[in-house]
Amino acid sequence: MTTYASSGVNIELGDASSRIMYEAAKATWANRKGLLGEVVSPKDDFSGVRVIDVSGLPEGSVMCMGFDGVGTKVELAERMQNHSTAAFDLFAMVCDDAVVCGGEPVLVGSILDVKSLGTSGEGHLDFMRQLAEGYISAAAAARVAVINGEIAELGARISGYGDFNYNWGAAVIWFARKDRLFTGAEIRPGDSVISLREKGFRSNGLSLLRKIMKDNYGDDWHTKELPASAITDGSGGSHLLGDLALVPSTIYAAAVCDMFGGFAGEPKLTVHGVAHITGGGIPGKLGRVLRRANLGANLNALFPPCDLMAHAIEIGKVDKDEAYRSWNMGNGMLVIVPQGEEQKALSVAAAHGIEAKICGEITEEKEIKIG
């Protein structure tokens, strides 16, 4: 007898997966309790109506949406059979882009396209629980609520490493006050640039990393260890290449919102601009911010790249310019502040458990110099 399950779609496992992700989403609603974007759900059901309270918004309130996904970093999760951190990469890509504009991320919705949830028994529900675990933790770090999520089994349309393959994309809704939006006009020569440290690859440049690792270590590169000579952090944690490549993205959104005040908070300091260092690296992302101001930057004290990134540069013979265009090189976000505000920015970052330092200054010369 031909059934939907025999074609690769298991309705029972789909319902169970939806319930898992709904319960995870529900656990995030407390992140916006009493704030703009508080979730109102008259019916406790994953198929029920969920709305947000936006009553009483002040004059000058604006909102927008952003979209992004985990990208090919999913393959690293598949290789390591560890999906508990994928949500950090997903939320970082959408939420940290919002603060670049001067917005506060409030709500996230996602779409999870999987090859198959399995054909019998528990199927891949253990991996779904891992995704849900990360969903809750990442939403707390970003201080957002998950309003909904879709799961679809697409069979051969999705492929990857191993048996559980997926693509994961998301949308974020962010709110801002017009007078807090960053336009570039606020930036001045002599402003200081604060770097917020990133200890992994975020969700960018993974295709280059995978090529270098495969060329040097073979198809099962993720099971090999980083050579002792390349280890500098002294953390004592896992040195498997796969684990190091899978290090989850740091989510900066809540810290940066606390700096400039977000939508309705009290600013803790003056912020003139923000660059999220993703695809295109520092030259691309900071360059985009500074083009609006017709200025440049001298960055002479950036954080160094993580050990695996430095090792990839060495064995892959990646030149400096290519490395800084492809990867964050240890610097996941740059915050531009006027002189005298630096210590306040460092203190806010520290309160969020984020390592930060003054890494340079804005210059009248339009070039971005990395020393």
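This briefing walks through a predicted model of one protein chain, from its overall build down to a handful of residues. The chain folds into 11 helices and 12 strands. Its radius of gyration is 21 Å, close to the 21 Å that the globule rule gives for 371 residues, so the chain is as compact as a globular protein of that length. Inside, the largest nonpolar core has 106 residues.

**The chain as a whole**

- If you lay the C-alpha trace along its principal axes, the spans come out at about 75 × 60 × 35 Å.
- Out of the 371 residues, 52% count as buried.
- The accessible surface adds up to about 16,100 Å², and carbon and sulfur atoms account for 51% of that.
- Take the contacts between residues at least 6 apart in sequence: 84% of these join residues at least 24 apart.
- The chain carries 35 positive and 46 negative charges, and the mean positions of the two sets are 3 Å apart.

**The nonpolar cores**

- Which members of the 106-residue core touch the most other members? They are F91, Y166, W168, L299, W327 and L334.
- Helix α3, covering residues 86-100, gives the most to this core, with 12 residues.
- Have a look at F91: leaving aside neighbours within four places in sequence, F91 is in contact with D96, V108, Y135, A138, A139, A142, V144, V146 and I251.
- There is also a second, separate core of 10 residues, and Y22, L36, A145 and F263 are among them.

**L36, from the second core**

- You'll find L36 in the loop between α1 (11-28) and β1 (39-40).
- Is L36 buried or exposed? L36 has a relative accessible area of 15%, and the cut-off for buried is under 20%, so L36 counts as buried.
- Beyond residues up to four places away in sequence, L36 touches D53, V54, L57, V106, F175 and F263.
- F263 belongs to the second core as well.
- For a sense of distance, L36 and I111 are 75 residues apart in sequence and 24 Å apart in space, C-alpha to C-alpha.

**Two loop residues with a positive phi**

- R202 isn't a glycine, yet R202 has a positive phi of about 55°.
- R202 sits in the loop between β7 (192-197) and α5 (206-217).
- With 0% relative accessibility, R202 counts as buried.
- K317 isn't a glycine either, and K317 has a positive phi of about 55°.
- The loop that holds K317 runs between α9 (307-316) and α10 (320-326).
- K317 has a relative accessible area of 74%, which makes K317 exposed.

**E364, out in a loop**

- Where is E364? E364 is in the loop between β11 (356-363) and β12 (368-370).
- E364 has a relative accessible area of 60% and the cut-off for exposed is over 50%, so E364 counts as exposed.
- Setting aside neighbours within four places in sequence, E364 is in contact with P189, N294 and L295.
- E364 and Y324 are 40 residues apart along the chain, and 22 Å separates their C-alpha atoms.

**G287, in a helix**

- G287 is part of helix α8, which covers residues 281-293.
- The relative accessible area of G287 is 8%, so G287 is buried.
- Not counting residues up to four places away in sequence, G287 touches I282 and I368.
- How many residues along the chain lie between the positions of G287 and K366, and what separates their C-alpha atoms? They are 79 residues apart along the chain, with 9.0 Å between the C-alpha atoms.

**M65, in a strand**

- M65 lies in strand β3, made up of residues 61-69.
- Its relative accessible area is 41%, so M65 is partly exposed.
- Which residues does M65 touch, not counting residues up to four places away in sequence? The partners are A171, V172, I173 and W174.
- M65 and V94 are 29 residues apart along the chain, and their C-alpha atoms are separated by 9.1 Å.

How values were computed. Residues numbered from 1 in each chain as written. Predicted model: local features only at pLDDT ≥ 70, side-chain atom pairs only at ≥ 80, totals over all residues. Heavy atoms only, no water. Core = buried A, V, L, I, M, F, W, Y, C linked by side-chain atoms within 4.5 Å. Buried < 20%, exposed > 50% of the residue type's maximum accessible area, 1.4 Å probe, protein only. Helix = DSSP H or I, 4+ residues; strand = E, 2+ residues; numbered from the N terminus. Contact = heavy atoms within 4.5 Å. Rg over C-alpha atoms; globule rule 2.2 N^0.38 Å. Areas by Shrake-Rupley, 256 points an atom, 1.4 Å probe, with all protein chains shown as cover. Lys, Arg positive; Asp, Glu negative; His and termini not counted. Charge placed at Lys NZ, Arg CZ, Asp CG, Glu CD.
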